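Subject: The structure you asked about

Hi,

Here is the structure, as promised. Have a look at it first, and then read my notes underneath.

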Amino acid sequence: MQRTVGAAGDVFTIAGRQMRSRLLLGTGGFPSLELLAQAIAASGSELVTVALRRVDPTARGSLIDVLADAGVQLLPNTAGCHTARDAVITARLAREAFATDWVKLEVIGDEDTLLPDAPELLRAAEELLDDGFVVLPYTTDDPVLARRLADLGCAAVMPLGSPIGSGMGIRNPYNISLIREAVEVPVVLDAGIGTASDAALAMELGCDAVMAASAVARAQDPVAMAAAMRSAVEAGRLARGAGRIPRRTYATASTPDEGLAIFS
Amino acid sequence: MIVLNGDCSDVRPGESVADVLARLGLDLDARGVAVAVDGEVVPRAAWESFSLGEDARVEVLTAMQGG
């Protein structure tokens, strides 16, 4: 019997880039760059997101230096963009700034829920793919939209479990399973993760990886939560490969009745 | 009036992108920096040669924690 799940041979690949870790880490919300660096180490993540914002000449410390020291690949995002046009320009600037053509494409359609704007997302994805980008779109948990994005040529799809930063976990596990069936490219559960069990569930549902940001950065102990997420992703991946037992309404004895002593 | 990162600035027309970066304490080797003028990317290789027009809107961006 060949064992690959959870073993040394279990490699996660996006657009030809092979990774050992199936946990992507967001860098937003950490109380300090020191804690960010420790959390990256504890998470084992090899791919971390960064945003692009106006230079603040008074800013202390260099995020770029911290991430370079950590040896991780950068995944620039287009967070805060509300139109395809803004997202495309932001991605092009990120390519200049970070010398990577990878982009986590976010096009936000609603200020309160930060849910993706599907038509703008598709438009931006198409334009960036034409421009040679490796596009990882943040999308809703809609299997049809995920398939459209994959059909365009996106290197992965990143469906939300629930709104960004909500910590509400995976509100529609059924849809996440359907997305896994609907596309060939990697599925990375993005947004909504609140704690380790949410990450494990994502992997049990068949996701190829999990992205955690606020759940780690805003935990009381971000470094410990980073380690918890790492274990949860590995546990969920193993459980998915192991094959869970079916759910039953009534008990099924795990100890046989045969040979049971009779006392009355 | 040239607008730099959303604020009115005393950058003068004819200054280069590299001049603007110097005002912000950044040199041409600055890592993780990108520049847009009037909504278009100015590639690093053009920072010294690109001279700003009268009402240029300049955005100088860098890595921030996010996502």
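Start with α4 (residues 118-130) and α5 of chain A: in this predicted model, the two helices pack with their axes 10 Å apart and at an angle of about 15°. Angles under 35 degrees count as roughly parallel, so α4(A) and α5(A) are roughly parallel. The crossing of α4(A) over α5(A) is right-handed. On the α4(A) side you'll find A:Ala118, A:Leu122, A:Ala125, A:Glu126 and A:Leu129, which meet A:Leu145, A:Arg148, A:Leu149 and A:Leu152 of α5(A). Sorted by class, that contact has 7 nonpolar residues, no polar ones and 2 charged.

α5(A) has another helix partner, α6(A). Here the axes are 9 Å apart and the angle is about 30°, which makes α5(A) roughly parallel to α6(A). This crossing is right-handed. A:Pro143, A:Ala146 and A:Arg147 are the α5(A) residues in the contact, and they meet A:Asn175, A:Leu178, A:Ile179 and A:Ala182 of α6(A). The split is 5 nonpolar, 1 polar and 1 charged.

Which residues of α5(A) are buried? They are A:Pro143, A:Leu145, A:Ala146, A:Arg148, A:Leu149 and A:Ala150. Note the arginine in that list: A:Arg148 is buried, and A:Arg148 is also part of the contact with α4(A). The buried residues of α5(A) pack against α4, α6, β7 and β8 of chain A. Right after the helix comes A:Gly153, with a positive phi near 120°.

Now α6(A), which spans residues 173-182. Its buried residues are A:Ile176, A:Leu178, A:Ile179 and A:Arg180. Two of these, A:Leu178 and A:Ile179, also meet α5(A). The elements that cover the buried residues of α6(A) include α5 (143-152), β8 (158-159), β9 (188-190) and α7 (196-204) of chain A.

The strands β7 and β8 that pack against α5(A) belong to an open sheet in chain A, with three strands in the order β6-β7-β8 and parallel pairing. β6 (102-105) and β8 are the edge strands, each pairing on one side only. β6(A) is joined to β7(A) (residues 134-139) by 4 bridges, in the parallel sense. If you want a pair to click on, try A:Leu105, whose bridge partner in β7(A) is A:Pro137.

Next, a residue in α7(A): A:Met203. Is A:Met203 buried or exposed? It has 24 C-beta neighbours inside 10 Å, so A:Met203 counts as buried. Leaving aside residues up to four places away in sequence, A:Met203 touches A:Val210, A:Val233, A:Gly236, A:Arg237 and A:Arg240. There is also A:Met19, 184 residues from A:Met203 along the chain, with the two C-alpha atoms separated by 16 Å.

One more helix pair in chain A: α1 (residues 33-43) and α9 (residues 222-242) pack at about 20°, with their axes 8 Å apart. These helices are therefore roughly parallel to each other, and α1(A) passes α9(A) in a right-handed crossing. From α1(A), the contact uses A:Leu35, A:Gln38, A:Ala39, A:Ala42 and A:Ser43; from α9(A), it uses A:Pro222, A:Val223, A:Ala226, A:Ala227, A:Met229 and A:Arg230. The residues of this contact come out as 8 nonpolar, 2 polar and 1 charged.

Finally, the place where the two chains meet. How many residues does each chain give to the contact? Chain A gives 25 residues and chain B gives 21. On the chain B side, β3 (33-37) and β5 (57-65) each supply at least two residues, and the largest share, 7 residues, comes from β5(B). The side of chain B that touches chain A is made up of 10 nonpolar, 8 polar and 3 charged residues.

β5(B) also pairs across the chains: 5 bridges join it to β4(A) (residues 47-54), with the strands running antiparallel. To find the pairing on screen, look for A:Leu52, whose bridge partner in β5(B) is B:Ala63.

Cheers

Definitions and conventions: Residues are numbered from 1 along each chain as its sequence is written. Chains are lettered from A and ligands numbered from 1 in the order in which they are written. This is a predicted model: local features need pLDDT of at least 70, side-chain atom pairs count only at pLDDT 80 or more; totals for chains, interfaces and linings use all residues. A residue is buried if 20 or more other C-beta atoms lie within 10 Å of its own, exposed if 12 or fewer, and partly exposed in between; C-beta atoms are placed from the backbone. Two residues are in contact if their C-beta atoms, placed from the backbone, lie within 7 Å. Ala, Val, Leu, Ile, Met, Phe, Trp, Tyr, Cys and Pro count as nonpolar, Asp, Glu, Lys and Arg as charged, and the others, Gly among them, as polar. Two strands pair if DSSP finds at least two bridges between them. Axes are lines fitted to C-alpha atoms, for helices over the stretch in contact, and angles run from 0 to 180 degrees between N-to-C directions. Angles under 35 degrees count as roughly parallel, over 145 as roughly antiparallel, 65 to 115 as roughly perpendicular and the rest as oblique. A crossing is left-handed if the near helix is turned anticlockwise from the far one by less than a right angle, and right-handed if clockwise.
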